[in-house]
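I set aside this session for two places in the model, and I write down here what I looked up in each.

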Amino acid sequence: MSNSPLTPGVAPGRLPAKSYTDNFTDHAPPLEPHEARVAADRCYFCHDAPCMTACPTSIDIPLFIRQIATGTPDAAAKTIFAQNILGGMCARVCPTEQLCEEACVRETAEGKPVEIGQLQRFATDTLMAKGVHPFTRGKPTGKTVAVVGAGPAGLAAAHRLAMKGHEVTIYDARPKPGGLNEFGIASYKSTGNFAQREVEWLLKIGGIRIETGRALGRDVTLAELQAGHDAVFLGMGLAGVNALRAAGEDKGNVRNAVDFIAELRQAGDKSALAVGRDVVVIGGGMTAVDAAVQSKLLGAQNVTIVYRRGQAKMSASGYEQEHATSAGVRIITNAAPVAVHGNGAVAEVEFAYTEETPQGLKTGPETFRLKADQLFKAIGQTLSGAPEGLRVEGGKIAVDATGRTSIAGIWAGGDCASGGEDLTVTAVAEGRDAAEDIHAALMG
Amino acid sequence: MANLTTDFIGIKSPNPFWLASAPPTDKKYNVERAYEAGWGGVVWKTLGSEGPPVVNVSGPRYGAIWGADRRLLGLNNIELITDRPLEVNLREIKEVKRKWRDRALIISLMVPCDEDSWKDILGRIADTEADGVELNFGCPHGMAERGMGSAVGQVPEYIEMVTRWVKKHSRMPCIVKLTPNITDVRKPAEAAHRGGADAVSLINTINSITSVNLDEFSPEPMIDGKGTHGGYCGPAVKPIALNMVAEIARNPVTHGMPISGIGGVTTWRDAAEFMALGAGNVQVCTAAMTYGFKVVQEMISGLSQYLDDKEMSVSDLVGRAVPNVTDWQYLNLNYVTKAQISQADCIKCGRCYAACEDTSHQAIAMSADRTFTVKDDECVACNLCVNVCPVENCITMVQLPQGALDERTGRKVTEYANWTTHPNNPSTRAAE
């Protein structure tokens with residue numbers, strides 16, 4: 001194959017074979033034991049630590065870091081997993097720069113926080129590498145719970161429920177468990193099939209059965225789940241994708257960024273993946289960044305993220321934005337798509353400049369066009385196929401603080417449920433807390 | 001650049017930084033490299049009697065403790081005196097001294113506790129042209145089991161006796177090196193003084209076990225499954241050494257006797273502290289063993305800059321803090337300070353709060369937004385918050401002026417008064 005970044009259109013194999021290995025390797029390599037000791041030693045062991053407050057799963061960060069510093073990373077891992085059973089994945093994908101590390105007092109003091117995410121990874125990797133599962137299942141309760149979705153929320157709920165002695169069955173629409181951990185995370189953040197290894201490790205608790213390829217509403221109904229189980233937890237995420245609402249959106253090579261990311265994650269041979277020479281990504285979140293950076297890593301010559309609002313409004317963190325720009329991605333803000341041009345397939349995208357006004361975002365009369373032979377839409381996901389009868393608010397299943405929905409016996413958490421940010425770590429917290437409430441309700 | 005030349009008991013050196021008698025000074029090769037790096041003087045590693053040299057272990061000789069990033073904080077060793085033939089050492093000493101006239105070269109000695117042994121060794125070193133001798137009454141391991149080293153240093157009468165022999169059989173300036181493994185360092189120093197020593201040097205290493213191997217259940221360093229106590233040195237021992245130097249410097253019996261300060265000197269600042277407490281120069285070992293001989297260059301530039309900044313000479317510095325070392329009973333009980341937290345510098349870690357609330361006087365308040373403030377009516381000014389605060393000078397101790405109200409006691413700050421006159425002191429009442 002003799003394609004290069006300059007090859008017109010959408011083409012695979014734009015780079016030499018070795019580049020794909022290099023580009024999709026772990027982008028933040030794990031700490032060596034000595035590095036971990038040094039990094040751990042920077043922790044001040046704060047009183048009522050701000051990092052812990054900032055963590056959606058409330059991991060006792062000062063304690064686990066001290067356990068690393070004193071040479072007991074296994075104990076550190078247990079401290080982490082007690083609060084967040086997906087602490088391994090969260091260590092890789094959490095926007096720590098907006099959570100624990102932003103709150104770290106050393107960020108205040110020196111602009112250089114303790115590397116909490118990397119330390120968490122060191123601890124969790126150390127224990128998981130031993131194949132040890134640190135928790136044991138409680139006495140069987142005889143109760144069964146159905147969990148919909150084998151993503152972060154569902155897995156966290158299932159693990160906690162299994163730990164309490166309940167029998168759990170997880171139904172997931174996809175062929176593999178993991179949810180966004182498996183299908184929605186940039187490849188270089190989760191290498192070495194980590195999402196699947198993590199699920200296997202989590203299942204060692206026992207008492208959890210996963211049925212893949214079983215979608216709620218298609219293969220199984222909520223009524224059936226309710227009839228067959230003592231409780232139901234919904235954690236199926238957001239399967240729908242927002243539309244651009246720009247003329248020509250249906251042209252060829254216009255894709256949802258989430259599909260591109262999922263395809264990339266599942267592809268064994270990245271060189272076989274076709275990518276445009278000129279790629280445009282529309283959106284301002286982590287999905288946009290993941291799609292844009294990976295397009296670049298696949299060999300696209302020009303990749304541009306276009307976001308309709310100002311830079312400060314982008315939900316991708318400053319760290320993520322920097323990651324994108326250092327990979328060679330251009331970020332254009334305050335521009336909204338108005339039309340997709342091209343004869344069959346996309347050739348150009350036309351944008352109007354925008355302005356934030358007290359009345360909302362206004363598009364101006366002036367437009368510009370970007371060359372594009374591939375266009376990715378990363379403008380947010382939506383709840384689709386929510387079961388009838390559940391109260392929905394703000395496009396999500398309405399839940400209270402413990403995850404209870406409007407129907408008794410049905411709980412929900414993660415991205416599909418109201419409240420909290422759409423983050424892996426938030427989903428884990430919601431799944432865990434709903435599980436505790438389910439347990440209380442079942443045993444009460 | 002300040003003139004760092006020192007004259008210590010008549011021994012001149014271009015700076016007050018000497019390498020202590022230890023592994024770095026065991027042979028010509030090392031000593032010449034040390035001089036090339038800039039060391040002002042060297043105390044040659046301890047020589048023993050004529051005859052078959054001592055034997056060292058062939059397993060590990062050192063144990064250590066570390067701080068962050070494996071920074072070496074304390075080192076201990078079980079190495080004995082030189083294990084090279086006496087005539088080799090003597091020949092090399094002579095060669096080195098002839099070549100390096102401007103540097104100090106002292107010979108450390110340790111021989112059995114009888115006059116003939118001392119007379120013999122002093123005779124053998126007489127023509128080396130070395131500048132002086134240091135009597136090793138300090139090594140706490142190995143040699144002490146044979147009645148030498150700290151076994152002598154722990155008995156003031158022996159110190160006095162041997163020092164007399166040395167002064168009787170040699171015209172060389174004589175430094176007596178003291179062991180810290182005693183209860184009152186003033187006693188051996190007084191004995192050295194009585195025996196006619198020109199100076200004392202201290203501290204030698206401290207009896208120690210640095211760590212225990214929790215798999216083999218043996219002290220480290222471990223030799224074939226067993227360990228023995230070694231001599232502890234390095235930054236960790238500095239506070240102990242400073243106190244011992246100060247005790248000798250302020251003791252009326254030994255006040256003014258030259259002191260060579262040893263114990264954890266790692267930077268120019270450490271050296272300046274020893275000198276302020278009365279040391280005429282300092283000896284260094286662990287810092288060189290950790291960083292190599294070049295480390296002296298920072299000590300030279302640092303001390304020089306400090307003296308320039310203070311417009312002081314070396315002799316102005318030596319002993320300058322001694323008058324301010326006193327007994328607890330003379331401390332001003334009417335000196336009242338309160339901790340003050342600079343909100344601009346505070347990073348809100350809460351360590352001061354945890355320390356005060358859990359282990360001290362509940363004198364720091366914490367608000368919902370993590371603002372930490374001192375409760376003046378509870379603060380006893382213990383300084384723990386200052387010590388645990390990770391930000392230097394974020395918490396400071398502010399003195400209440402005379403006449404100000406101490407909210408804790410409800411009393412106004414008055415003039416100087418100490419325990420000797422305090423009404424709660426039983427001796428004060430007895431005297432009335």
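Which residue follows α8(B), and what is the sign of its phi? The model is a predicted one, and in it I found G278(B) after α8(B), with a positive phi near 115°.

**Entry: the helix α8(B)**

I then asked how many residues of this helix, 268–276 of chain B, are buried, and I counted seven of the nine, so the helix is largely enclosed by the rest of the structure. For that step I took buried to mean under 20% relative accessible area. The buried residues that I listed are W268(B), D270(B), A271(B), A272(B), F274(B), M275(B) and A276(B). Looking for what covers these residues, I noted in chain B the helices α7 (238–250), α10 (296–310) and α11 (314–317), and also the strands β3 (17–19), β15 (259–262) and β16 (279–284), among others.

**Entry: a sheet in chain A**

In chain A I followed an open sheet of five strands, paired in parallel, whose order is β4-β3-β2-β5-β19. Its edge strands are β4 (208–212) and β19 (410–412), each of which pairs on one side only. Neighbouring strands are turned by 20° against each other on average, with direction ignored.

Within this sheet I looked at β2 (144–148) and β3 (167–172) of chain A, which run parallel and are joined by five bridges; V148(A) has Y171(A) in β3(A) as its bridge partner.

Last, I checked which helix packs on the sheet, and I noted α17 (424–443) of chain A, which touches β2, β5 (231–234) and β19 of chain A. The direction of α17(A) makes about 170° with that of β5(A).

Notes. Residues numbered from 1 in each chain as written. Chains lettered and ligands numbered in written order. Predicted model: local features only at pLDDT ≥ 70, side-chain atom pairs only at ≥ 80, totals over all residues. Heavy atoms only, no water. Pairing = 2+ DSSP bridges. Helix = DSSP H or I, 4+ residues; strand = E, 2+ residues; numbered from the N terminus. Axes fitted to C-alpha atoms, helices over the stretch in contact; angles between N-to-C directions. Contact = heavy atoms within 4.5 Å. Buried < 20%, exposed > 50% of the residue type's maximum accessible area, 1.4 Å probe, protein only.
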